[in-house]
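Reader: Please take me through one part of this model slowly, with the elements that surround it, and tell me how each piece sits against the next. I work at the bench, and I would rather have a careful account than a quick one.

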Amino acid sequence: MSVTERGGEPVLTVRGLVVDYGPIRAVRHVDLDVHAGETVVLCGANGAGKSTIIKAIMGTVRPTEGTVGLFGTDVTARGAALRAREGIRLSPEGRQVFATMSVEDNVRIGAHQLRVAERARRVDELFDLFPLLRERRGSRAGELSGGQQQVVAIARALAARPRVLLLDEPFLGLAPVWIGSVSDAVRAVQTSGTALILSEQMARPALELADRGYVLKQGSVVRHGSAEEIRGMALAEEYV
């Protein structure tokens, strides 16, 4: 479904985003938006600024300039914890599961803001969405493969019913078989109507999941359009 067909205001808007790390300008005047139920991918080589944009949206990095808006409200000055309560959640690069805790407890941690009675129901909903996790619910998260851990991290981020889900490099370091499994997990998320933003160096599997894409180079957007349009470009040349 196109953005025009979706109608209404974007769930998330980023305008004129600039992020500096000391003397280094990591992100240069980036504009983007995402609508409810839409999946947008940020493509680019390592160091292109993808993860920095994700962190600025989450609130773990403060922009030098620009704004981040959620449902038309400027949340730029709000910290990550408040943004999380207002509906933005992050599945971070490298998964970062709690290795010694069970799969179920990892997912339950993501639901800590819900009422006690609702937490168990939400965990069951996520186990229905991701049957793999139900099978491994008692296993230590650190004993799972990288792909399985990525599914745990996605479920944990979903546990609080976010309106915007940020996935930072979800395919990083995964074997091809697990790229397919994580792609299936993302497709399951898409059925919920959650707005999704993926940052991903491995553009091709990410674009298979996306409605639209932005290609980044040295912190700037150099191309943007539908996923089909971005897939048709010589992405390797953009990454040089």
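Author: Helices and strands are here runs assigned by DSSP and numbered from the N terminus, a helix having at least four residues and a strand at least two. With that naming, strand β2 covers residues 24-34, and His 29 has its place in this strand. The model is a predicted one, and in it His 29 shows a positive phi of about 50 degrees, although His 29 is not a glycine. Most residues other than glycine have a negative phi. A positive phi of about 50 degrees is also found at Gln 218, again not a glycine, but Gln 218 lies in the loop between β9 and β10. With a relative accessible area of 61%, Gln 218 is exposed, the cut-off for that word being over 50%.

The loop that holds Gln 218 joins β9 to β10, and both strands belong to the part I would choose for your close look, an open sheet of six strands in the order β6-β7-β8-β3-β9-β10, with mixed pairing. Its edges are β6 (88-91) and β10 (220-226), and as each has a single partner strand, one side of each is left without a neighbour in the sheet. On average, and with direction ignored, neighbouring strands of this sheet are turned by 15 degrees against each other.

Within the sheet, strand β8 deserves the closest reading. On one side, β8 (residues 195-200) pairs with β3 (residues 39-43) in the parallel sense over five bridges, and Val 41 stands opposite Leu 198 in β8. Strand β7 also runs parallel to β8, to which it is joined by five bridges, and here Leu 166 stands opposite Ile 197 in β8. Between β7 and β8 the chain passes through α8, and the β-α-β crossover made in this way is right-handed.

How many of the residues of β8 are buried? Six of the six are, so this strand is largely enclosed by the rest of the structure. The side chains divide by direction: Ala 195, Ile 197 and Ser 199 point one way from β8, while Leu 196, Leu 198 and Glu 200 point the other way, and all are buried.

Two helices lie across this part of the sheet. Helix α8 (residues 176-190) lies across β3, β7 and β8, running at about 155 degrees to β8. Helix α2 (residues 50-58) lies across β3, β6, β7 (164-168), β8 and β9 (212-217), and its direction is at about 145 degrees to β8. Eight of the nine residues of α2 are buried, so this helix, too, is largely enclosed by the rest of the structure. The buried residues are Lys 50, Ser 51, Thr 52, Ile 53, Ile 54, Ala 56, Ile 57 and Met 58. After α2 comes Gly 59, whose phi is positive, near 100 degrees.

From Met 58 one can step to Val 75, which is 17 residues apart from Met 58 in sequence and 9.9 Å apart in space, C-alpha to C-alpha. Val 75 is found in the loop between β5 (73-74) and α3 (80-85), yet Val 75 counts as buried, at 1% relative accessibility. Leaving aside residues up to four places away in sequence, Val 75 touches Val 68, Gly 69, Leu 70, Arg 83 and Glu 86.

To complete the picture, consider the packing around α4. Two packed helices are described by the angle between their axes and the distance between the axes. Helix α4 (residues 103-110) packs on helix α5 (residues 116-129) at an angle of about 120 degrees, with the axes 10 Å apart, and that makes α4 oblique to α5. In this contact, Glu 104, Val 107 and Arg 108 of α4 meet Arg 119, Ala 120, Val 123, Leu 126 and Phe 127 of α5, and the crossing is right-handed. With helix α7 (residues 146-158), the axis of α4 comes within 6 Å and crosses at roughly 30 degrees; the two helices are therefore roughly parallel to each other, the cut-off for this being under 35 degrees. The crossing of α4 and α7 is right-handed, and here Val 103, Asn 106, Val 107 and Gly 110 in α4 meet Val 152, Ala 155 and Arg 156 in α7. Val 107 of α4 thus takes part in the contact with α5 and in that with α7.

Terms used:
Residues are numbered from 1 along each chain as its sequence is written. This is a predicted model: local features need pLDDT of at least 70, side-chain atom pairs count only at pLDDT 80 or more; totals for chains, interfaces and linings use all residues. Side-chain values use heavy atoms; hydrogens and water are left out. Two strands pair if DSSP finds at least two bridges between them. Axes are lines fitted to C-alpha atoms, for helices over the stretch in contact, and angles run from 0 to 180 degrees between N-to-C directions. Contact means heavy atoms within 4.5 Å. Buried means under 20% relative accessible area, exposed over 50%, partly exposed in between (1.4 Å probe, protein chains only). A crossover is right-handed if, with the strands pointing away from the viewer, the path from the first strand over the helix to the second runs clockwise. Angles under 35 degrees count as roughly parallel, over 145 as roughly antiparallel, 65 to 115 as roughly perpendicular and the rest as oblique. A crossing is left-handed if the near helix is turned anticlockwise from the far one by less than a right angle, and right-handed if clockwise.
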